[in-house]
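Student: I would like to take a close look at a single part of this model and then see how that part sits within the whole chain. Please take your time with the answer.

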Amino acid sequence: MSSDPPQVYLSSIDEERFGIRTARASNVTLDKLPSVLDFCRARDVVLLIARCLVSEFRAAQAMEREGFSLMDTLVYCSRNLVTTPIPKDSGKIMVRPIQPGDEDDVKFVAAESFRQYFGHYHADERLDRVKCHEAYISWALRSCVLGDVADEVLVAHLEGSIVGFFTLRLNSPEEGEAVVGGVVPSARGLGVYRSFIMRGMEWCLSKGATHMLVSTQITNIAVQKVWARLGFEPSYAYYTFHKWFDKP
Ligand SMILES: CC(C)(COP(=O)(O)OP(=O)(O)OC[C@H]1O[C@@H](n2cnc3c(N)ncnc32)[C@H](O)[C@@H]1OP(=O)(O)O)[C@@H](O)C(=O)NCCC(=O)NCCS
């Protein structure tokens, strides 16, 4: 289970996007909720995006009493890469690391893959739809820049074009994580994402990691089907709540 300490901070990315003062809080617990609320009130925060482990049901109930609304649930799964061997990929989809010159194609693919995405921003009816889409597209774009967010970016080729991207990060010497991935709508259902997960496992193992972590919204059935078939197991989950401080 995740043991990161609670954290609350102003989110300049969200503030620039939506034009409202926004804070984010992770790992909220019942004990820490008052200090998270104090932090927001002292800084005139209008929107708070807060996450708590689903096992912290007392914190979730306290947030409900404080007027927070549930926006999504994130599930995390992991797989031991040492005790369970990685199956061999069929090799039908060509997957390779990003190369200089691929950047524009990858940006196009990231934007196309996330155009119809639905996340916690969309679930909040007070947020502008167009800006919600832009938020996910820009998150996908930021995630495929090597160095900042990702330690490795893989791309998939089909009939001479890049049709998918997949980013990986090493969280610790033992743990690798799939950060974000997407496949253009015209190439979906062909096993591109499955190949990414298999190559991702190989990358983690090559870096010395013993296990790989993956996460998504609980409603994203496509990726969870792929993980389940490749031996990933449920690990922990987070609720995402929004609280508007300007509501009466
Ligand atoms: C999720 C995504 C990466 C899947 O890529 P993909 O290359 O189509 O995935 P695969 O072909 O390897 O396998 C997906 C499986 O889920 C199935 N599937 C797809 N959409 C589904 C849905 N809405 N409900 C149930 N199953 C679904 C596919 O049919 C396939 O199963 P099958 O082999 O039995 O046919 C792609 O749809 C995408 O880019 N979505 C938007 C971005 C996103 O969600 N990224 C991942 C989270 S960061």
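Student: Which residues does valine 179 touch, not counting residues up to four places away in sequence?

Tutor: In this predicted model, valine 179 touches Ser143, Val149, Ala150, Thr167, Leu168 and Arg169, once residues up to four places away in sequence are set aside. Valine 179 itself belongs to strand E8, which runs over residues 175-183, and Thr167, Leu168 and Arg169, which valine 179 touches, fall within the range of strand E7, residues 161-170. Ser143, another residue touched by valine 179, falls within the range of helix H5, residues 129-143. Valine 179 counts as buried because 22 other C-beta atoms lie within 10 Å, where 20 or more are required. The C-alpha atoms of valine 179 and cysteine 144 are separated by 9.2 Å, although these two residues are 35 apart along the chain.

Helix H5 can be followed further, to its packing against helix H4. Two packed helices are described by the angle between their axes and the distance between the axes. The axes of H4 (residues 103-113) and H5 (residues 129-143) come within 8 Å and cross at roughly 145 degrees, and the crossing in which H4 passes H5 is right-handed. On the H4 side the meeting residues are Lys107, Ala110, Ala111 and Ser113, and on the H5 side they are Ile137, Ala140 and Leu141. The residues of this contact divide into five nonpolar, one polar and one charged.

Turning to the interior, the largest nonpolar core has 47 residues, of which Val106, Val163, Phe165 and Val192 touch the most other members. Helix H6, residues 192-206, gives the most to this core, with eight residues. Valine 192, leaving aside its neighbours within four places in sequence, is in contact with Ile93, Ala156, Val163, Gly164, Val183 and Ala187; of these contacts, Val183 lies within the range of strand E8, the strand in which valine 179 is found. A second, separate core of 22 residues includes Ala25, Leu48, Leu53 and Ala59.

Other positions offer a contrast with the buried valine 179. Glutamate 159, in the loop between strand E6 (152-158) and strand E7 (161-170), is exposed, because it has 6 other C-beta atoms within 10 Å and 12 or fewer is the limit for that class. Most residues other than glycine have a negative phi, yet glutamate 159 has a positive phi of about 45 degrees. Asparagine 27 also has a positive phi, near 55 degrees, and is found in the loop between strand E2 (22-26) and helix H2 (33-42); with 19 other C-beta atoms within 10 Å, asparagine 27 is partly exposed.

Leucine 10, in strand E1 (residues 7-10), is partly exposed as well, with 14 other C-beta atoms within 10 Å, and is in contact with Ala23 and Arg43 when neighbours within four places in sequence are left aside. Leucine 10 and phenylalanine 232 are 222 residues apart in sequence and 34 Å apart in space, C-alpha to C-alpha.

As for the whole chain, there are seven helices and 10 strands, and buried residues make up 38% of the 248 residues. The radius of gyration is 19 Å, which agrees with the value near 18 Å for a compact globule with 248 residues. Among contacts between residues at least 6 apart in sequence, 68% join residues at least 24 apart.

Notes
Residues are numbered from 1 along each chain as its sequence is written. This is a predicted model: local features need pLDDT of at least 70, side-chain atom pairs count only at pLDDT 80 or more; totals for chains, interfaces and linings use all residues. Helices (H or I, at least four residues) and strands (E, at least two) are DSSP runs, numbered from the N terminus. The radius of gyration is taken over C-alpha atoms; the globule rule is 2.2 Å times the number of residues to the power 0.38. Two residues are in contact if their C-beta atoms, placed from the backbone, lie within 7 Å. Axes are lines fitted to C-alpha atoms, for helices over the stretch in contact, and angles run from 0 to 180 degrees between N-to-C directions. A crossing is left-handed if the near helix is turned anticlockwise from the far one by less than a right angle, and right-handed if clockwise. Ala, Val, Leu, Ile, Met, Phe, Trp, Tyr, Cys and Pro count as nonpolar, Asp, Glu, Lys and Arg as charged, and the others, Gly among them, as polar. A nonpolar core is a set of buried Ala, Val, Leu, Ile, Met, Phe, Trp, Tyr and Cys residues joined through C-beta atoms within 7 Å.
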